Amino acid sequence: MSAKSHRAICRSGDKKALLSLGVTQQMEEHPDCERLPRAFLQCTRGRQQSSVEAAAVTNTAFISLSLLAQQAFRYEPKNLTVRMGATAELKCEVLRPSGTVQWMKDGLALGPERSLPGFPRYSMTGKLRGQYNLRIENFQLEDESMYECQAGPSENSDAIVSNTAFVTVQIPPSKPYFSLDTTPWVAGKKYSVTCVAPDAKPEAEITLFKDGVELTGAQSFTMSGSKDKLLNRHTEVTVTALSSDNGQQLACHAINEAISKPVVTIMTMNVYFPPEPPVIVGLDKDEVRVGRILVLECESGSGNPLASLRWTKNGEVLSTTWEEDNVAHKSRSVYKLKITPADNQADFCCESFNMVSLSPLSITHKIIVFFEPAELKLSGSFEAIEGQELTLSCYATSSNPPVDIRWWLGHKELNSTALLREEGEYGGMTTTSNMTHQFFRDENGLRLTCEAFNKGTHFSKIQAAKISVFYPPHKVWIDAPPEDVPLHSGTTVSLICHSTGGNPTATLTWFKNGKPVTFAQRQTSSGMGVTRELILVLTASDNMATYRCDARNEAKKTISASTKLLVYFVAVTMKITTKQEVLRSGQVLTLQCLSGSSNPKSNTSWNLGLERFQGIEEAARKDVFGGVSVNNTLSLNLTSQHHNQKVICHAYSPVLAEGTKTFYQLNVLYPPEFSPDQPTEVQVVEDDVAAIPLLVSANPEVVSCIWLHRREMLVKGENLHYRWSDEHSLVIKNVTRRHAGIYTVKCENDEGVNQIAIRLDVLYAASVKAEKDPVFVNLGGIADLICVADANPIISDMFSWKWLGEEEVEMGEEIQEDESSLLTIHDVTRAHAGLYQCTANNGIAFPASVDVRLVVQFKPELQKGPQWRKVASRGDGTTTAELVCQAEGIPRVNFIWEKNGALMDLANPRYEEKTVREGSYHTSTLRVGNVSAVLDYAVFSCTARNSLGEDKLDIQLVSTNHPDPPSSFGQVSISHDSVTLEWIPGFNGGLPQRFRIRYRWDQSVSFQYVDVFPLDVTTFTVTGLQPVTTYNFSVNALNAIGESGYADNNAILTITTKERPGSDGVPTDVDPQSKTGLPAYLIVVLAMVFGVLILSNSLGFLFRLKWRKRQDQTTGAGGVSVVDRQKNEEDGSSQSTVRNSNKYESREEINTAAQRTLLIDSESERDSNIYESYTAKRISPLE
C-alpha cells in the first residue's frame, strides 16, 4: 500500500480501514496518524502480528484464499475541474468487490443502484467487473461537492472508503453589460464607464476597447453574484468624449478559465457636438420686385444631433421647419417668401444650432424691394356751378422709387404745380400734385384723370373722376282739383307737381301751410322734366289748407307753384265730462258731451248698453278748421249693474252719413254681490282636488272673504289640504269625506257685507267588509253571507258575489238592501265550503272586495282505502310501526284508539299518539314501539268524533309481505301508437312498491312487460304500439319480497289503438307483430327460448319443493308454503298466485309465539291464511 493511501486512511480516521489493512510502522510514525489513540495503533499492530502468526500455523493455500477475499481499490477518485454543462466522470474501481458499492456526496449516500434513482443526471458506469465510475451529465453549480466511493462490508471483507475527491465547476461569465453615468455624451467632457461581467466562476477578467484601442487605467473589483459561489467582476475606466467618437464602438471583453474566447458586449457611442455655420443659397442679388416668390435655402453640415434651423426677419422668427439628411449628415431649410413692400431693407437671417451649441451660428442678407404705390387718391370737389374755379389734388402713397404725376381733362392735358415728395412706408417716398381750373357748361360730364408712373417698376396707375357743372331749372306747375268743389273727409286726392330744364334736374318739395310734407311720393324723371306726386287722404286739417311745390337744384335757385282744397269732415274731437268724482249705486249722474269742430254741423245722442238717449243739445259755435262744435247733457240713475259699463256719446253728420263717438266708463261703488252663476253645490271624487269657485263682485274690488266649515274658520296656511287658487276661490287637495258639508262664505268691502252657503258633496269609492267572517253552517242548512259597503253614492246593483273555489257551485240568492248585500245559500253541501268574494262598485275608482269564508260543519269522514287499512312491520321487537288515521270534519275532530276492541292505554311507553290538524283534515298517528308479533299483530280501531257525529276505521298491523294487487285499472287516453293507463295502488306490503304493465297483441302467444318509472306514479303511457290493433293490458305491483296478482282479480283490459293520422283507413294484412321489424323465424326462435325458460323454471320449482319436503321429514315439522298454479284461459298465460300474502320477511328473527298471529280476512287477504315457517313447524289457521 502506498504512503499516500496510508496518509488518506490516517487523515480520515477510518478505524475499520485501519483494522482491515493493518497498521504499518510507517503509518504509526506518520504525523497524520498521531491523532489516533496510541493504544488503538498498538492493538492494531498486535492484531496484525497475531494474524501473521496464525497464518503461519495454517497452510499456504488458506492464506492465499484470505488475501483474495479482502476488497481493495484499484482506482480511487481524484480531484476534478469541469465546465458547467459538461459531463464529469469520477473513477472508482474495486478489486475483489463483495460488498455494496455506492458513492457519497458531502456525506449523502447516492444509492447502490447504477441508475441512481432520484438523481436523473447521475449514474454509475463501468464495463468491467469492479468498475463503479460516477458519471454526472450537464454538470451544474449545485453538483460542486466532495465525493467518496465506498464498498460496504461483506462476509469475507471489511468496508473500504476511497479518497475524497473534490469536483470544482467552472462557469463562464454571463454576457457583460455597461453601466454609464449618463447618455448621450457631450464632446469634450469626461465620463466614467463601468463594465460588469456577472455570474462567473472563477471571476472573469475584463478588458475595455474604444474604437478598437484598449483603454488603460482601468480599476476592477469583485462582488458576489446572483447565486452562492458566483462572482461579478466590475471594471471602471474614465473616457473623454470626442466628436470623432460619435458612432464608434465601445467594447467590453470578459474571459475566465471556463472559456477560450471572451464574451463581448459592444455599445455604440452617441456623442453630441455643435453643427457648422449655415450657408444661404438662392439669393442672386439684393434688388427684387414686389410680388416675386423668393426661394431661400439654408444649409448647415455636421453636428450631433443635426442642426436645427430657423429663419428670422428683422429678428422675428419666420420659420422653424427644416429637414435632416442623415446620409449627407446635414440639415436643410427652404423658406418661400412672396416679396411685399414691407420686405424693403429687411434683414433675412438663417440660424443653425443644436442642444449643445453655446449660441446659434447665423448668416444675414439685406434686400431692396422695388414696389408701386398701393393707392392713388384724387381729392377735391368734382361739382361746380357754372363759371366757378375748383382746386383738386392727386396723392400717390409710398413707392420705391417715387412716381411722376400728370393731369388730363377729357383728352386735354392740364398744367400742374410742382410735385411734393415725402418719406413714406417701407422706406419709399409719397408724391402729391395740386391743380386749379375754372369750369363751364360745355365741360359738364368730362373725365378728369390723374396718372402716376414708377420708373423702377415701369408701372403706371390712374385715378379719374367725372366733372359736373350745375345750372337752374326752367319752369314748375301743379295738377290739382278745382278749389270750389267740396271733397269729403277720407277721400283720396292726388296733387302732381311738374318741373322742366336745369342741370341737374330739379328736386321737387311739397309744403302744407308753409311746412314740409314728408309723405310725398318719390320723384320721377321723364325726358328733360321731373314729376312728384302727393297723395292725400283728406282730413279736417286739409279744409282750405295751402299746398305749395318748390323746384330747386345744385345751382341754388328756387321756383314755386300752389293750390287750396274745400273739405267736409265729421267732429274732430269728442269729450265727456262730469262734476261728480265718486259714483255710488242709487245716485243720479250728470254727463256733458262736447262734440268738436265739424263741417257741416253734426247731430249728438247717447247710448248705454242697448238703450239710446237724446240728451239736451246746446246751440252750435264756430271752431277750428273752419267747422262748428256742439254740447249735449245726459242725466242717469246709477245701479251696481252700471259698474264698468260705458256711456257712449255719438256725433253724426247727415251730409257725410258718418259720425264719431266717445265713451265714459262708469265706476260705481257697491257692496259684495254673488253672481247668479255662483254654484251652491260642488261634487268631487275623494282623493281628487276640489275647486269651489267663489263668483263675487264688488266695488271697490278689495273684498275680504272668510270661509267657515262646521262653524270653524279656514285659515290660510294652517291646513295643507286648503289653498286658494285666487283671492277667494277655495281649492281642497286630496279631498277626504270629512271635508264634505256646508261651507259658508262671508265677503265684505268698504261698501258693505254679504254671505252665501255652498255644499261640498264628496264622492268616494266603495269599501266593503264582511258583517261576519267566517260563517259557520251545518251540512244541509241555510247560509247567510252579508257584506256592508261604505260608499258615496250608493247605487243599485252595486254588489256582486263570486265563488273563489275551483269547482262550480250554486251561488244562491243575492239581495241588496241600501249599503249591504245578502247572499243566501240553501241546502248547503260540503262543496259550498270555501271563500266567497263580495265586490262593491259604485263607479268611483276601482271596485272593492272582501272575502267571506263559509265553513260547512259535518261529522268526521275517515280515509278508508286499501292503503289505510293495513300497516306492516317486522314483529321481532326491533322496529316501530306507525298507524295513520286521517279524518275530514268540522268542527275539531278527536280520535280514540282501540286494540282488538279494547280502549288503548296511551300512557304505555310503547305507544305514542300525535294529532295534526291542517284545515278540515285531522291526522292521528299512533306509533307502536318495539313491535312484537305476539303482542301487536292485531286489529287497531280508530274512531274520529266531533259534535256532529263519528266514523270508525279498523287497521290491521301485519308482517311485511308482498304488495296487494292494484285496483280500478282503466284507460285514460288512446292514440294510434300509444295508450295511457291508470290504476289505484293497493297495500304496499310495508315496503316500497313499484308497478309493471303486462300486454300483448290479441293474437300473440307471448306477453311484453314494461316497468313503470318513476316508481310511485299511477298513470303511465305505453308507447311503440301499432295502429288499429287490439291489445290486452294488465298491471301488478312488486316490492322487495314479491309481486302481487294482477289488478281487479286478474282482469284483462282490452284496448284497440286508433288509425294513424293521415292514413286512408285501408286495412293491411301485414302481421302486427312483424311491424316491429322482427323476422318471422326470429319470433319463432324467441318463443321456443321463452318456453324452455318456463319449463326449466317449473322443474327448478318442483326440485325445490321436494327438497323442502325432505327437510320437513328430517326435522319432523309440517310448516310448508302452499302454491296454487292457475291457468288463465283468457290471456293464455300462466300466473303464479302466492296465497300466503302475509309471509314474514326473509331472514327475520321471530319468536315461536309470534307465528300464532290471528289473521282477519279482508278484501286483500281472502286467501291469506298460511304463514311460511322459519322453525319448520306447521301452525293451524285456528291456533
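**Note on aromatic and cation–ring contacts**

1. At a relative accessibility of 15%, Trp803 counts as buried, because the cut-off for that class is under 20% relative accessible area. The model in question is a predicted one, and Tyr836, with a relative accessible area of 0%, is buried as well.

2. The structure holds 13 aromatic pairs, and one of them is formed by Trp803 and Tyr836, a tilted arrangement with 4.9 Å from centre to centre and 50 degrees between the planes. Since Trp803 belongs to strand β73 (residues 799–803) and Tyr836 to strand β76 (residues 834–840), the pair ties together parts that are 33 residues apart in sequence.

3. For Phe969 and Trp983, the ring centres lie 6.4 Å apart and the planes meet at 55 degrees, so this pair too is tilted. Phe969 sits in strand β86 (residues 967–974) and Trp983 in strand β87 (residues 979–984), and the pair thereby links distant parts of the chain, 14 residues apart. Both residues are buried, and together with Phe995 they form one aromatic cluster.

4. Two arginines deserve a look alongside these rings. Arg737 lies over the face of Tyr764, at 3.5 Å from the ring centre, while the charged end of Arg830 is placed over the ring of Phe858, 3.9 Å from its centre.

5. As for the protein overall, there are nine helices and 94 strands, and buried residues account for 40% of its 1183 residues. Among contacts between residues at least 6 apart in sequence, 64% join residues at least 24 apart. The protein exposes about 64,900 Å², of which carbon and sulfur atoms supply 51%.

Notes:
Residues are numbered from 1 along each chain as its sequence is written. This is a predicted model: local features need pLDDT of at least 70, side-chain atom pairs count only at pLDDT 80 or more; totals for chains, interfaces and linings use all residues. Side-chain values use heavy atoms; hydrogens and water are left out. Helices (H or I, at least four residues) and strands (E, at least two) are DSSP runs, numbered from the N terminus. Buried means under 20% relative accessible area, exposed over 50%, partly exposed in between (1.4 Å probe, protein chains only). Contact means heavy atoms within 4.5 Å. Accessible areas come from the Shrake-Rupley method with a 1.4 Å probe; for residues, only the protein chains shown count as cover. Rings of Phe, Tyr and Trp (its six-membered ring) pair if their centres lie within 6.5 Å; planes under 30 degrees apart count as stacked, over 60 as edge-to-face and the rest as tilted. A charge sits over a ring if NZ of Lys or CZ of Arg is within 6 Å of the ring centre and within 35 degrees of the ring normal.
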